[in-house]
Amino acid sequence: MTADGRNDPTGHQSSGPATPETGVGELSDPDVLGHAAPSVDIAGGEDEMAMLGQWKLMWIRFKRHRLAMVGVVLVAFFYFLAIFAEFLSPQSPHDYNRHYPYAPPQRLHLFLRDGDQLRFRPHVYGYTSTVDPASFRRTFAIDDDQIIPVRLLPQGPEYRMWNLIPMSRRLFGPVEPGAPMFLLGADRLGRDLLTRIVYGARVSMTIGLVGVAFSLIIGIIMGGISGYFGGVADNIIQRTIEFLQSIPQIPLWMGLAAAIPQGTDPLLVYFLITVILSVLGWTGLARVVRGRFYSLKTEDFVIAARVDGCSSLRIIMRHMVPSFLSHIIATVTLAVPTMIIAETSLSFLGLGLRPPVVSWGVLLQAAQSVQVIANFPWLLLPGLGVFFAVLGFNFLGDGLRDAADPYATG
Amino acid sequence: MPDNNLLTVDELKTYFFTDEGVVKAVDGLTLEVPRGRTLGVVGESGSGKSVGARSLMQLVDPPGRIVEGSIMLNRADGSTVDISSLDPRGPAIRAIRGDEIAMIFQEPMSSLSPVHTVGDQIGEMIELHWGYTKAQARDRVLELLQQVEMPKARGVIDSYTFELSGGMRQRAMIAMGLACDPSLLIADEPTTALDVTTQAVILDLIRRLQESFGMSVLFITHALGVIAELADHVAVMYLGSVVEQGSVMDVFHRPQHPYTRSLLRSIPSLGLEKKRRLEAIRGMVPHPFNRPGGCPFHNRCPEFMPGVCDQLVPPLEHLDAGRTVRCLLHSDVDEVRARQEEQAAAEREAAAGEAAAQRSVGKRGGESR
Amino acid sequence: MTSESQQPQQPEATGPNGNRKPLLSVRNLKMHFPVVKGLMRRTVGYTKAVDDVSFDVYPGETYGLVGESGCGKTSIGRCITRILEPTAGTILYDQGDGRPVDIANLRNRDMRPYRSELRMIFQDPFSSLNPRLPVLEIIGEVLKVNGIADGAELEARVRDMLRKVGLRAEYLRRYPHAFSGGERQRIGVARALASNPKLVVCDEAVSALDVSIQAQTINLLQDLQDEFDLTYVFVAHDLSVVEHISDRIGVMYVGKLVETGTVDDVFSRPRHPYTEALLSAVPKADPALRDAGKRIRLPGEVADPSDPPPGCYFHPRCAYAKERCRTEEPQMREIAPGHSAKCHFAHELDLKGVVAAETASR
Ligand SMILES: Nc1ncnc2c1ncn2[C@@H]1O[C@H](COP(=O)(O)OP(=O)(O)OP(=O)(O)O)[C@@H](O)[C@H]1O
Ligand SMILES: Nc1ncnc2c1ncn2[C@@H]1O[C@H](COP(=O)(O)OP(=O)(O)O)[C@@H](O)[C@H]1O
Ligand code: SF4
Ligand code: SF4
Ligand SMILES: [Mg+2]
Ligand SMILES: [Mg+2]
């Protein structure tokens, strides 16, 4: 059925205004309808396509976009981590082990040599530590002789999933609770970095979403007022947007974040940071929404809805919003990574979230000095999380943007 | 009489190889552009007029490509060149474009640069092709603008195209087309976006310029009226091929192809007896993916012959000098059938032979077509 | 301008339909758009898109409006359907009970009862259909929002309508992207007619269509007019089409009507130099007529409706302009029964019409 142009959601049309294709003949010429029937039947196979709404057409387009599918996988992966952080991480993020500060990453081995037989026995090797007599620094070496068996769903200390459901098993961990297992290494206090990165995903991935949600609400309201009603309201909102956009973003964020007093409740800090991020975030969205309203207002099909007698509300909700909702979603998706980076940067500088909250930015704070990076490079690993999450959102957003208008020609 | 023709296009095929399939935008275009005359090309939307015209200058963008046919240009020095065999990006075709063959478009804004003045844009062409200095080129531009009767030419030469009205832009576009004294000017719907009043003025201008420059004009339009006003010869296009060609009087007064006849009957015309019902052509132009077999017009043709028109591809028939038609009403059906069956058989044989050859080489056979 | 513009004009006291009352009676209609400039959006003037226009449309007829682009044809159509709110003037619409309602001065809310009776067909078959709604909802919207039909009844009516415009009723769940330009225009026609309207404004309804589709659509519009006793206001720039479909026409120039009358009168014996020039510019679909008769070529361009010239707006382009035309604005005057023109010399000038040109050639 791809053999027919009418099917093609990308709309291969000629340059002319009307591209007649197969179709019906002239009215009131009985033999014509009959005559044209075969050509309609040629088109019969694509009935299905003809009846697809915009979301399905967009999906078809989206699926063709390879990078976007990569983006979907990445983003889905991180949100999966964020949602099931308690279960997926081998420890609790605040469990520390004073015997293993800065313990290096271990490798996970699946098979154990038993005589000359290989057995499936997942395990990691333990550490031996030596203390440098001069600097009193403890250095660790992997010790092949200590075998720490690892298993799926081990019994461990009690914890509450989502702060609600009491559970005692995590996805994987050492068979013996408390045995040292640091697959991505440990930090200054001997806390498992893998655990903390997984928990960090929860904060870092949601702060972007919440920030964007705030921006979205303000943006749609302001942009809608500006675009649909125009006039004085439009003038004021546009000037405000121009003013806000002319303020350099980073210093403004830093200034506002620095104004949050020390010792504020971490949850409140989280909330305030999202508000700070959306102070500027909404302006871009408002512009997009306003632009769409403006161009749609004069579209013939919107005028046709007015001729039909639709109320303003019905015109907006039924005829205008669906036409740009997809664009908004794409724009929003592309705004999330900015927020993630913003949170990371602020927290990294100590202006954003603060311990004990765990976010990627907070984790990266531990890797601020060259010395630490040189000696314990694994502390940079949360940066990889940021990198892949941002990449994923950008791929996804690009794909959405390309698919957003399945009716565009070319 | 090939020497009378500036350009002879023979069985030109330009296909677009898209993801969805092959679009045969131009499929067997045969045209003769007489020297110093105006050939009007008329057809409905999607009939391949623009793609055909762009093919003549090797301007088809990928995934489009000329797959077959020849475009013989008889040059001023007596030599002949086949444009279809030139490399679309090579120097040979670039020397022809703008210099020997120039093109003007329906929407002048899309082909004029908004960041250069009218004078600079036209002047650049002249500097490039004729090696003029800036000052010489400017004089020539001014002369050209006066030739296209541009109001306030001295002011326009330094203005930008967005400052001009629709009619003035089209004049600027024509001046650019004429800049290097081309032997062929291709005009793709240059008046479609204009008001009737402006259209009339521009058509007059093109006619006058054609006479004074002595060039050939290939004028593309979907409006039969415009053709009747302007052209000396007419080619009627339908689904990628020319179905009828001849002098304007012949085609309008003695149309031979059912499509031409229907078209002429379906347009309202000033001063005709009132309230006559228009004789519309039934159905619609099929999408090129759905190109009907046999005669491409057969599912809309009022003179459709069952068992003939849907099976045989009408060959080009020469009725008179310069008068051709592609309709089985004008062909010896039995002979055409015999010929096409023979051809089909030969093709089948060739395919089978190919398959056999492949088999003998050891590859899996039977996959050819 | 002169004080005359305040008193209602009475063109065509007797219509061609004898003493039938007009369905639509437009008087001194004005549609002025503010021209805004600068950061503060100061109004620096007005684009007089429609300026003091009066005409009548009788039931069952087709009233054609012609003129170059920018003359205000679309604006008139949009005032009638109240997409635009006219600046001044009245549009009396006869509801059939003898009490005409002035739709020019209704509030948007009070306009609702007339929405299903005054409909519109658009020019562009692509942009006039919402690509995100299936045909059923596009055509059915007017029935639904005006409480005419709903549910199964609505679907039945849409099916019926589709059949009437020559589309298959099964198409009603398809989206517009599955139709060609000609088919889409039929959907547009079906939408306009679904609510059994009295008056349909066709704004360039066939201008964007291909030759063969155009003929089909014109025939369709005429058949439906006969079947439903419709009245059309037919806006177009193609004079051949207007001549074919209209009973009476109005010729517009820079926001004003300059000539009105029956098509035959206006086309065969134009009384305004602008009409003559328009007719002369139409390409004739017969090469034998190419050099027949006198050709009039209009120099220059349509005047700017926000800054029209003094006197007769047409004088900078008029071949017959005299001193008087530069200073004094001509009045609309009846030259012959039912035929009026707005030119100082309408009585004296011997202008060429269509038939004249054709007979000259034979
Ligand atoms: N880039 C392209 N890819 C695929 N198909 C194309 C492309 N360009 C043109 N076509 C197809 O080729 C056919 C001929 O197109 P063309 O633009 O030549 O028509 P035309 O006769 O100039 O029509 P119009 O009157 O609308 O300008 C059409 O069916 C069109 O859809
Ligand atoms: N919404 C609008 N705002 C401002 N000016 C307008 C608007 N609509 C039309 N105009 C102006 O009014 C004049 C008449 O336009 P229009 O009625 O569309 O003419 P036509 O249909 O005859 O081409 C034009 O100069 C146009 O620019
Ligand atoms: S070949 Fe047959 S179908 Fe084609 S135009 Fe001629 S009569 Fe019609
Ligand atoms: S009033 Fe004068 S300028 Fe105007 S149309 Fe008549 S003759 Fe021409
Ligand atoms: Mg074209
Ligand atoms: Mg208009």
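Which residues make the nonpolar surface patch of about 510 Å²? In this predicted model, the patch is made by A:Leu108, A:Leu110, A:Phe111, A:Leu118 and A:Phe120. Two strands of chain A, β1 (109-114) and β2 (117-131), each supply at least two residues of this nonpolar patch. One of the patch residues, A:Phe120, is found in strand β2 of chain A, and A:Phe120 counts as exposed because its relative accessible area is 54%, where the cut-off for exposed is over 50%.

A second site of interest is the surroundings of ligand 2, where the shell is formed by residues of chain C, namely C:Phe33, C:Thr47, C:Ala49, C:Glu68, C:Ser69, C:Gly70, C:Cys71, C:Gly72, C:Lys73, C:Thr74, C:Ser75 and C:Pro305. By class, this shell has four nonpolar, six polar and two charged residues. Polar backbone atoms of C:Cys71, C:Gly72 and C:Lys73 lie at the following distances from an oxygen atom of ligand 2.

| Residue (backbone N or O atom) | Distance to an oxygen atom of ligand 2 |
|---|---|
| C:Cys71 | 3.2 Å |
| C:Gly72 | 3.0 Å |
| C:Lys73 | 2.8 Å |

Taken alone, ligand 2 exposes 560 Å², of which the protein buries 61%. The elements of chain C that give two or more residues to the shell around ligand 2 are β2 (42-57) and α1 (73-80), and of the contributions to this shell that of α1(C), with three residues, is the most.

Methods
Residues numbered from 1 in each chain as written. Chains lettered and ligands numbered in written order. Predicted model: local features only at pLDDT ≥ 70, side-chain atom pairs only at ≥ 80, totals over all residues. Heavy atoms only, no water. Near = heavy atom within 4 Å. Polar contact = N/O pair within 3.5 Å; in protein donor to acceptor, adjacent residues only side chain to side chain. Areas by Shrake-Rupley, 256 points an atom, 1.4 Å probe, with all protein chains shown as cover. Helix = DSSP H or I, 4+ residues; strand = E, 2+ residues; numbered from the N terminus. Nonpolar A, V, L, I, M, F, W, Y, C, P; charged D, E, K, R; others polar. Patch = residues over 30% accessible without salt bridge, like charges linked within 9 Å, V, L, I, M, F, W, Y side chains within 5 Å. Salt bridge = Lys/Arg side-chain N within 4 Å of Asp/Glu carboxyl O. Buried < 20%, exposed > 50% of the residue type's maximum accessible area, 1.4 Å probe, protein only.
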